[in-house]
Amino acid sequence: MGMMDGKVALISGGAEGIGGTAAQRFVEEGGSVMLGDIQLEKAEAHAADLGDRAAAVELDVRDLDQWEAAVAATKEKFGKITTLFNVAGISEPGSVDEVDLDSWNRTIDINLHGTFNGCRVALPAIIDSGEDGTIVNIGSMLAMRPGAQFAAYCASKAAVTSLSKSLALHCAAEKYPVRVNTVHPGAIDTPMYQRYLAAYPGSYEEAVEVFNRNHPINRVGLATEVADAMLWLASDASSFTTANDITVDGGGSYRE
């Protein structure tokens, strides 16, 4: 018997990285997943690899109509939604006085508005399932300990953290059977991380060491380590946990 038996998740950013790995783990634990991603072909290929309990749908998280369509597609395919994983996000560098304004707006739109859109649309569907449901939003260790060169990313992820708590308390006050929590990854070995390594002005080895030093245990994380925290929060094992922050960052939130 798996942790996710009978559960159905809609996952934004489900084509690869943390979202794609969370989908794999969800299916391995007996659940079903709808992979929402702007990279539809990649999401469809990943769903095909995962088997009959996985499907894909095009999802630009900035578009409320696409969220509505993704929720409808999930319910049509699997009959319900019990779980929302808001994973889709971007990270682009820039301090407050130097960040490109288009980059600022794009980051806020995807990371914050995209997460809000998902919560707004999926919440009624989760309630309609008649089962205990969960929403897991992805924050960042930079929401807990901001960095000077990532103004938009830090601001967006800090806002997601507060949004999660607000929604969790709302659900509790209204007696909705939905728990809401936030997972805060550190640097995780995903395609986004690899792009940062490639863009580093020094050598690849130097770039890896720079990222490692940001975490007291001196390495970056694996997507499976984040996914397992997400699955715990989505499982019945965390039934008394809501409005909470789970850090998966090798101690990076508290580095000196």
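Glu-225 is partly exposed in this predicted model, with a relative accessible area of 31%. Its partner in a salt bridge is Arg-219, and the closest N and O atoms of the two residues lie 2.8 Å apart. Arg-219 is likewise partly exposed, at a relative accessible area of 35%. Side chains of opposite charge can pair when their charged atoms come close. The count of such salt bridges comes to eleven.

Several of these pairings are joined together. Arg-25, Glu-28, Glu-29 and Asp-228 are linked in a network of salt bridges. Within this network, the side chain of Arg-25 meets that of Glu-29 at 3.4 Å, taken from N to O. Both Arg-25 and Glu-29 are buried. Arg-25 also meets the side chain of Asp-228, this time with an N to O distance of 2.8 Å. The pair formed by Asp-228 and Arg-25 ties together distant parts of the chain: Asp-228 sits in helix α9 (residues 223-234) and Arg-25 in helix α1 (residues 17-28), 203 residues apart. Which of the burial classes does each of these two residues fall into? Arg-25 has a relative accessible area of 17%, so it counts as buried, the limit being under 20%. Asp-228, at 37% relative accessibility, lies between the limits of 20% and 50% and therefore counts as partly exposed.

A further polar pairing involves Ser-103, a residue of helix α4 (residues 101-128). The side chains of Ser-103 and Glu-92 are joined by a polar contact of 2.5 Å. With a relative accessible area of 6%, Ser-103 is buried.

Attention now turns to the nonpolar interior. The largest nonpolar core holds 30 residues, and those touching the most other members are Ile-11, Val-33, Leu-35, Phe-85, Val-183 and Met-230. Where in the chain do the residues of this core come from? At least two residues each are supplied by β1 (8-12), α1, β2 (32-37), α2 (40-50), β5 (133-138) and α9. The largest share, eight residues, belongs to α9. Another core, of 28 residues, lies apart from this one and includes Trp-67, Phe-78, Ala-88 and Leu-123.

Val-183 gives a good view of the surroundings of one core residue. Leaving aside residues up to four places away in sequence, Val-183 touches Val-136, Asn-137, Ile-138, Gly-139, Ser-140, Val-226, Met-230, Leu-233, Ile-246 and Val-248. One of these contacts, Met-230, is also among the core residues that touch the most other members.

The strands can be followed in a similar way, beginning with β4 (residues 83-86). Are the faces of this strand covered or uncovered? Both are covered, with Thr-83 and Phe-85 buried on one side and Leu-84 and Asn-86 buried on the other. Strand β4 pairs with β1 in the parallel sense over four bridges, and Ala-9 stands opposite Thr-83 of β4. Strand β4 also pairs with β5, again in the parallel sense and over four bridges. Here Thr-83 stands opposite Thr-134 in β5.

Finally, an unreviewed UniProt entry carries the annotation "domain: Ketoreductase" for residues 7-191. Over residues 7-191, the chain is 51% helix and 18% strand. The C-alpha atoms at the two ends of this stretch are 28 Å apart.

Note on methods: Residues are numbered from 1 along each chain as its sequence is written. This is a predicted model: local features need pLDDT of at least 70, side-chain atom pairs count only at pLDDT 80 or more; totals for chains, interfaces and linings use all residues. Side-chain values use heavy atoms; hydrogens and water are left out. Buried means under 20% relative accessible area, exposed over 50%, partly exposed in between (1.4 Å probe, protein chains only). A polar contact is a pair of N or O atoms within 3.5 Å; within protein, one must be able to donate a hydrogen and the other to accept it, and residues adjacent in sequence count only if both atoms are side-chain atoms. A salt bridge is a side-chain nitrogen of Lys or Arg within 4 Å of a carboxyl oxygen of Asp or Glu. A nonpolar core is a set of buried Ala, Val, Leu, Ile, Met, Phe, Trp, Tyr and Cys residues joined through side-chain atoms within 4.5 Å. Contact means heavy atoms within 4.5 Å. UniProt positions are given in the numbering used here, feature names are shortened, and annotations may be inferred rather than shown by experiment. Two strands pair if DSSP finds at least two bridges between them.
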